[in-house]
Amino acid sequence: MSGDPKETDEIRNSRAAREARSIVRFMIEHTAYGGFGALVFGALVLFFDIGGIYSLAMASRDAPIFIMLLFFGLFITFGGISLGIGIMNLGGFSDNDRYEDERKSHRNDRNDGRGE
């Protein structure tokens with residue numbers, strides 16, 4: 001790499017770079033949705049003191065650590081679920097058999113000429 005600004009711009013604006021940015025943006029966006037859900041759920045659990053979890057946490061001298069670990073676990077769980085749902089919904093359009101794609105032209109190739 002010669003350090004030429006024009007060459008650097010071409011690499012930065014290449015199709016692969018745009019797709020990589022799109023994938024990262026998709027992952028961050030869906031993880032943020034899950035994180036927001038985790039914040040709401042955690043706040044409601046603490047507010048309504050479900051299972052006495054807020055009372056138990058506040059009775060401890062390590063309450064801030066407990067609350068941080070609670071929200072960290074919820075963020076990982078809800079963020080992962082949200083990201084997984086987003087990824088699984090990506091291929092939804094091709095599950096329709098009426099969709100015109102390469103599968104339609106290869107339906108008879110399953111036999112592979114083996115006489116089965």
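## A walk through a five-helix chain

Let's start with helix H2: at 1.5 Å a residue, its 33 residues should span 48 Å, and the end C-alpha atoms are indeed 48 Å apart, so the two values agree. Keep in mind as you look around that this is a predicted model.

Now step back to the whole chain. Its secondary structure comes to five helices and zero strands, so reading from the N terminus the elements simply go α-α-α-α-α. There are 116 residues in the chain, and buried ones make up 16% of them. The chain exposes about 9400 Å², with carbon and sulfur atoms supplying 63% of that area. As for how the chain meets itself, take the contacts between residues at least 6 apart in sequence: 58% of them join residues at least 24 apart.

H2 has a partner worth meeting, helix H4, which covers residues 63-90. The same kind of check works here: the 28 residues of H4 should span 40 Å at 1.5 Å a residue, and its end C-alpha atoms are 40 Å apart, which agrees.

Which residues of H2 are buried? They are Ala-17, His-30, Gly-34, Gly-35, Ala-38, Gly-42, Val-45 and Leu-46. These buried residues pack against helix H1 (5-12), H3 and H4. In H4, the buried residues are Ala-63, Ile-67, Leu-70, Leu-74, Gly-79, Ser-82, Leu-83 and Gly-86. What covers them includes H2 and H3.

There is a general point about helices to bear in mind when you look at such lists. An α-helix has 3.6 residues a turn, so residues three or four places apart point the same way.

Some of these buried residues also belong to the largest nonpolar core. Six residues make up this core: Ala-38, Leu-46, Ala-57, Ile-67, Leu-70 and Leu-74. The elements giving two or more residues to the core are H2 and H4, and H4 gives the most, with three. For a look inside, pick Ile-67. Setting aside its neighbours within four places in sequence, Ile-67 is in contact with Leu-46, Ala-57 and Met-58.

Next, follow H2 to His-30, which is found in this helix, residues 15-47. Is His-30 buried or exposed? His-30 has a relative accessible area of 16%, and because that is under 20%, this residue counts as buried. What does His-30 touch, leaving aside its neighbours within four places in sequence? The contacts are Ser-82, Leu-83 and Gly-86, and each of those three appears among the buried residues of H4.

Also in H2 is Ala-32. Its relative accessible area is 43%, so Ala-32 is partly exposed. Ala-32 and Ser-82 are 50 residues apart in sequence, yet their C-alpha atoms are 8.6 Å apart in space.

Back at the beginning of H2, you'll find a salt bridge, and the structure holds one in total. The side chains of Glu-19 and Arg-15 meet there, at 3.1 Å from N to O. Both residues lie in H2, four residues apart, which is about one turn of the helix. Arg-15 has a relative accessible area of 60%, so it is exposed, while Glu-19, at 41%, counts as partly exposed.

Then there are the aromatic rings. The count comes to two aromatic pairs. One of them is formed by Phe-47 and Phe-48 in an edge-to-face arrangement, with 5.0 Å centre to centre and 80° between the planes. Are these two rings' residues buried or exposed? Phe-47 is exposed, because its relative accessible area of 64% is over 50%. Phe-48 is exposed too, with a relative accessible area of 56%.

The last stop comes just after H2, where Asp-49 takes a positive phi of about 50°. Asp-49 has this positive phi although it is not a glycine. You can find Asp-49 in the loop between H2 and helix H3 (53-59). With a relative accessible area of 25%, Asp-49 is partly exposed.

Methods: Residues numbered from 1 in each chain as written. Predicted model: local features only at pLDDT ≥ 70, side-chain atom pairs only at ≥ 80, totals over all residues. Heavy atoms only, no water. Buried < 20%, exposed > 50% of the residue type's maximum accessible area, 1.4 Å probe, protein only. Contact = heavy atoms within 4.5 Å. Core = buried A, V, L, I, M, F, W, Y, C linked by side-chain atoms within 4.5 Å. Expected span 1.5 Å × (residues − 1). Phe/Tyr/Trp six-rings, centres within 6.5 Å; stacked < 30°, edge-to-face > 60°. Salt bridge = Lys/Arg side-chain N within 4 Å of Asp/Glu carboxyl O. Areas by Shrake-Rupley, 256 points an atom, 1.4 Å probe, with all protein chains shown as cover.
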